[in-house]
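The following exercises concern helix geometry and the lining of a pocket. Each task is followed by a solution in steps.

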Amino acid sequence: MGGLTPGYVLRRLGMWVLTVWLGATIIFFVPRLAPGDPVSAMISRMTAQVGYIEGADQLIEAWRAKFGLDGPLYQQYFAYMGNLLRFDLGFSLASFPSRVNDMVASALPWTLGLLTIATLISFVVGNLIGALMAWRGTPGALRSVLPLTLTFTSIPFFMFGILLIYIFAFGLGWFPPSGGYGRGETIGLNWSFIQSVIYHATLPAIAIVITSMGFWALGMRGMMITT
């Protein structure tokens, strides 16, 4: 703790603020570099579903004003940053008229549950692999196979998850491509609902476990060798 000085804390805090600001700025500008308009795209999707929308041009202008897309780019940027500071994420263009805050709140318990369980599994499996890699009594054939389990560490778990969905959901049809549970399931502590949740969470959990257990394995191996 002797190296924890006020200057160090301020530098780390400044880097954190800079990173958040850069990330938020990139998120703002990247969609606006793409051709087209999000409101027009939303109207096009609605038109494709219902066939015809009366007064589509007036509706587009009204929604552009509602979303703040009718002003200059710098005004949109400052309004966007101000809303972020107030934690007001506004309406979802993809799921209008749902608000982003409500969508995040409804998905947060599922995310925390998935990450908690996947992290515990990754911790147990990773430390076991690391111990076997460092233990002298581990058979040579197993010691040569274990490092292969660490090759996925450099892959982001969301990219690996997309690969798993492509192979096992769309390709083989073994798992659902999205959702937290099946349609028609009654939410509660019943076996049918629990089975559905486990079934839907299998691919995301596997993606997180496989791509993160290598860090636990390397740490355990290093500690055992040092000891």
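The bend at a residue is the angle between two fitted axes, one for the seven residues ending there and one for the seven starting there. The model is a predicted one.

**Exercise 1.** Determine where H7 is kinked, and compare its end-to-end distance with the expected span.

*Solution.* Step 1: the kink in H7 is centred on Ile 165 and amounts to about 30°. Step 2: H7 has 15 residues, so at 1.5 Å a residue it should span 21 Å. Step 3: the end C-alpha atoms of H7 lie 19 Å apart, which agrees with that expectation. Step 4: just after H7, Gly 173 adopts a positive phi of about 70°.

**Exercise 2.** Repeat the span analysis for H8 and locate its kink.

*Solution.* Step 1: a straight helix of 36 residues, the number in H8, would reach 52 Å at 1.5 Å a residue. Step 2: the end C-alpha atoms of H8 are only 46 Å apart, short of that value. Step 3: H8 has a kink of about 45° at Thr 202, shortly before Pro 204.

**Exercise 3.** Characterise the second largest pocket and identify the helices that line it.

*Solution.* Step 1: the pocket holds about 790 Å³ of space. Step 2: its lining comprises 30 residues, and those nearest its centre are Trp 110, Leu 114, His 200, Ala 201 and Pro 204. Step 3: helices H5 (100–134), H7 (157–171) and H8 (191–226) each give two or more residues to this lining. Step 4: by class, the lining has 22 nonpolar, eight polar and no charged residues. Step 5: the buried residues of H8, including His 200, pack against H5 and H7.

Technical notes
Residues are numbered from 1 along each chain as its sequence is written. This is a predicted model: local features need pLDDT of at least 70, side-chain atom pairs count only at pLDDT 80 or more; totals for chains, interfaces and linings use all residues. Side-chain values use heavy atoms; hydrogens and water are left out. On a 1 Å grid over the protein atoms alone, a cavity is a set of points where a 1.4 Å probe fits but cannot get out, and a pocket is an open set with protein on both sides within 12 Å along at least five of seven lines; lining residues have an atom within 4 Å of a point. Grid points are joined across faces, edges and corners, and a volume is the space filled by probe spheres set on the points. Helices (H or I, at least four residues) and strands (E, at least two) are DSSP runs, numbered from the N terminus. Ala, Val, Leu, Ile, Met, Phe, Trp, Tyr, Cys and Pro count as nonpolar, Asp, Glu, Lys and Arg as charged, and the others, Gly among them, as polar. The expected span of a helix is 1.5 Å times one less than its number of residues. Buried means under 20% relative accessible area, exposed over 50%, partly exposed in between (1.4 Å probe, protein chains only). Contact means heavy atoms within 4.5 Å.
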